[in-house]
Amino acid sequence: MEFDPFLLARLQFAANISFHILFPTITIGLCWVLFYFRLRYTFSGDKAWEYAYFFWVKIFALSFALGVVSGITMSFQFGTNWPGFMERAGNIAGPLLGYEVLTAFFLEASFLGIMLFGKNRVSNRLHLVSCALVAVGTSFSAFWILSLNSWMQTPTGFRLEDGVFFVDSWWEAIFNPSFPYRLAHMLNASLLTAAFLIMGVSAWRARRQVDGPATWKVMRTGALMAAVLAPLQVWIGDLHGLNTLEHQPAKIAAMEGIWETEKGAPLTLFGFPDEEAKTNHMAITIPHGASLILTHDWNGEIQGLNEFGDDIPPVAPVFWSFRVMVGVGMLMVLVGWWAAWGLFRRRDENRDNQIWLLRALSVMTFSGWVAVLAGWYVTEIGRQPWIVSGLLRTSEVVADHSSATVMGTLFGYVLLYAFLLVSYIAALRYMATKPARSLTLTPQQRAMKAERIDDESAQGEA
Amino acid sequence: MDLGYWLPLFFAGAMGLALLIYVVLDGYDLGIGLLLPFADEDEKDVMVAAIGPFWDANETWIVLGVGILLIAFPQAHGLVLTSLYLPVTLMLMGLILRGVSFDFRVKAGDKHKAKWNMLFAVGSLIASVSQGWMLGAFVTGLTGDATNTLFAFLIALALPALYIMLGASWLLIKTEGALFKKAVHWGRLAVLPMGAFLLLISIATPLVSATIAEKWFTLPNAIGLMPIPIATGLAYAGLIWVFNSNRILHNGYGWLAFLSLIVMCVLASIGLAYSLFPDIVLGRLSIWEAASATESLLFTFWGTVITLPMILCYTFFIYRVFRGKATDLSYE
């Protein structure tokens, strides 16, 4: 069977970027959480916060390493798989990536050393500063890469000469129309992913009866984050959607499964989009729903997919990914509120009383991953058939490799990534089963001010 | 001043510098990865501790090198990376395995530690051999014919030898006791093969590439170039001397070996730059033909002159914080 090398190149890139994004999503958010743990310890002297830091910094280090190595892969694949992209859009994409390396990668990679292993080599203040610098670095990194991605979605500030992009205004290119929304949406998604991860692992520890005071403090931190940030995310997502409607109407039409342009378009809750017949099968709809959500007007007009001829994205994957993202997002709002209510109002650290909440939180451990991946599929598949919206087609920039070559390497990558993902989750599980060090904290110790207590009697890890 | 002339030159220099720093810095940690199977269990921990705080930033230099290729020379970026598709893919897989093993070996539980140590070494080997292959193919202009492939194969073997020497020399700085003795032993074993490889490559390069041969052997250039092989030879002699002098080694001057290797790498880069210049892909694309638009280069230029010195400063600072002999890596 002969496979289309173009499709294979896209699959390979999709496999790499999907694997990659899992880890930055965790680290961007988790890093700020770690900084918070360190701050709490510095100000309160409560050792539980320090243990929380030590426990989570290990998971951070592991996630960071996976993010770095899979990120290096990305920087090469622009060239190996999509040489035409850099030849045509390099004048704009290049500097943005360059600034990411110069302002973010070195900063985070360098100070990570101190953050992880430098606790006893530098002052507490410098260690705090290092944590903050790593966090700033990861967020800078998100800034530049999302700016580039947004420019590919909503290009501005350029001129085209013989098919090559030249920059007219860096300000307009960097702060292109979809960038503020995408940046806010992604940073918030990272914080939410981290919130559900720390709650999930803590809940799991509580159910396995290896929890200590620190475990519950961490869980409450996560609950507070989720209760505030999950509804915020719904709001940001709505704004982002309105922005997409303005600039990429075909993507919205695919997300909503709207084929014909109409006023008062219905919202399709469920259905099977059929690209051949240009309709949805077994659709369950709410009349006027799509118009109301997207234009905030009962009879607002929404452009249908048929307006765009052949230049439409694959409809079903976009349609379904969108529903997965929204569904998980709504679940996150509910569970976030439940957790905040259960953990703050009752302040009950008894695992038997909280068992249903703990179960729910364990199930939701990796919910952030699911929502983030689904969200990225919406926006990236939704951009097709373009690599730069409306201007440059993905098929124009693909490298000329034989399908056997791409197939072989794709197979290799997928095997490697599957192996690493299993190892990652197994390692997380292993770390989560060690009894909490904060178990050994006595009430006096917990109240004691700063300074390290020689803790020879402590069993296991934090 | 003609920016269209100077900016590509500046970025070619910056790219060369980034890749040179990469070879030295990630070279020593890949080298330690290659040496890992020959150490006993406790020594393995110390060896990893000797590179633990640094490897991440070390690896970032290759991202910068490739980044500059992409930013400043987009035409070459596509050509180079598509031609090197296979070795690049292998190298990436090697770097992935190596990078994650750092963390997994201590976090996945003791019963998996041996497996991750093994993958650490295997990843380092794949990455360094592929990098040698890439370098060899690049130097000969990415033509891929039989002689050039043989040449690339030669470099594929030489680069791990260099990395082993860098790794052993780094261990002279960071370790003591039995492991230090082992490092000396490893260095003594590897130094001759490394020298032989370098000599072979120096002989083979002008044979494989007529363009390079012309640049090397025409007068008066040939005379002007003489300091490079002479200085390289001296540095190499110095390296052998350090590894064989117990007096130097045991009085804490082991870092001289690392210094000799740095000198050799710098000289080799100068030679390489001279051989390629003004082409970025030998015989096919000059740095000016491959360069991106001047306004794009200028935008990145300012970022580079501001951030690169800062990066060098805090890199130096990190090395200062973690100076001295490596002890157990502890998060606490």
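This briefing covers the fold of chain A, the contact between chains A and B, and selected local backbone features. The model is predicted. Chain A has 15 helices and eight strands, and 59 of its residues are in contact with 53 residues of chain B. Helix α3 of chain A appears under two topics below, since it takes part in the interface and also carries a kink.

**Overall shape of chain A**

- The radius of gyration of chain A is 24 Å, which agrees with the value near 23 Å for a compact globule of 462 residues.
- Along the principal axes, the C-alpha atoms of chain A fill a box of roughly 70 × 45 × 45 Å.
- Buried residues make up 55% of the 462 residues of chain A.
- Among contacts in chain A with a separation of 6 or more, 75% come from residues 24 or more positions apart.

**Interface between chains A and B**

- The contact involves 59 residues of chain A and 53 residues of chain B.
- On the side of chain A that touches chain B, at least two residues each come from α2 (47-81), α3 (83-117), β2 (164-167) and α14 (403-432).
- The most is given by α3(A), with 23 residues.
- By class, this side of chain A consists of 36 nonpolar, 19 polar and four charged residues.

**Helix α3 of chain A**

- A kink of about 100° is centred on A:G90 in α3(A).
- The end C-alpha atoms of α3(A) span only 39 Å, whereas a straight helix of 35 residues would span 51 Å at 1.5 Å a residue.
- α3(A) is mostly covered, with 35 of its 35 residues buried.

**Helix α8 of chain A**

- Helix α8, residues 249-256 of chain A, is mostly covered, and seven of its eight residues are buried.
- The buried residues are A:A250, A:K251, A:I252, A:A253, A:A254, A:M255 and A:E256.
- Their cover includes the helices α7 (213-247), α9, α10 (315-345) and α12 of chain A, together with the strand β4 (267-274).
- A:G257, just after α8(A), takes a positive phi of about 65°.

**The β4-β5 hairpin of chain A**

- The strands β4(A) and β5(A) pair in the antiparallel sense, over six bridges.
- Opposite A:L267 stands A:I286 in β5(A).
- Four residues lie between the two strands of this hairpin, and A:K278 in the turn has a positive phi of about 55°.

**Positive phi on either side of α9 in chain A**

- A:H288 is not a glycine, yet its phi is positive, near 65°.
- A:H288 lies in the loop between β5 (279-286) and α9 (289-295) of chain A.
- A:H288 counts as partly exposed because it has 17 C-beta neighbours inside 10 Å.
- A:H296 is likewise not a glycine and has a positive phi of about 55°.
- A:H296 sits in the loop between α9 and β6 (301-302) of chain A.
- A:H296 has 10 C-beta neighbours inside 10 Å and therefore counts as exposed.

**Cis peptide bonds**

- In chain A, a cis peptide bond joins A:Q384 and A:P385, with omega about 5°.
- A:P385 is in the loop between α12 (367-381) and β7 (386-388) of chain A.
- In chain B, the peptide bond from B:F277 to B:P278 is cis, with omega near 5°.
- B:P278 is in the loop between α13 (255-276) and β1 (279-281) of chain B.

**Surroundings of A:G342**

- A:G342 belongs to helix α10 of chain A.
- A:G342 counts as buried because 21 C-beta neighbours lie inside 10 Å.
- Leaving out residues up to four places away in sequence, A:G342 touches A:Q354 and A:L357.
- From A:G342 to A:I198 the C-alpha to C-alpha distance is 16 Å, and the two are 144 residues apart in sequence.

Technical notes
Residues are numbered from 1 along each chain as its sequence is written. Chains are lettered from A and ligands numbered from 1 in the order in which they are written. This is a predicted model: local features need pLDDT of at least 70, side-chain atom pairs count only at pLDDT 80 or more; totals for chains, interfaces and linings use all residues. Two residues are in contact if their C-beta atoms, placed from the backbone, lie within 7 Å. Ala, Val, Leu, Ile, Met, Phe, Trp, Tyr, Cys and Pro count as nonpolar, Asp, Glu, Lys and Arg as charged, and the others, Gly among them, as polar. A residue is buried if 20 or more other C-beta atoms lie within 10 Å of its own, exposed if 12 or fewer, and partly exposed in between; C-beta atoms are placed from the backbone. The expected span of a helix is 1.5 Å times one less than its number of residues. The bend at a residue is the angle between axes fitted to the seven residues ending there and the seven starting there. Two strands pair if DSSP finds at least two bridges between them. The radius of gyration is taken over C-alpha atoms; the globule rule is 2.2 Å times the number of residues to the power 0.38.
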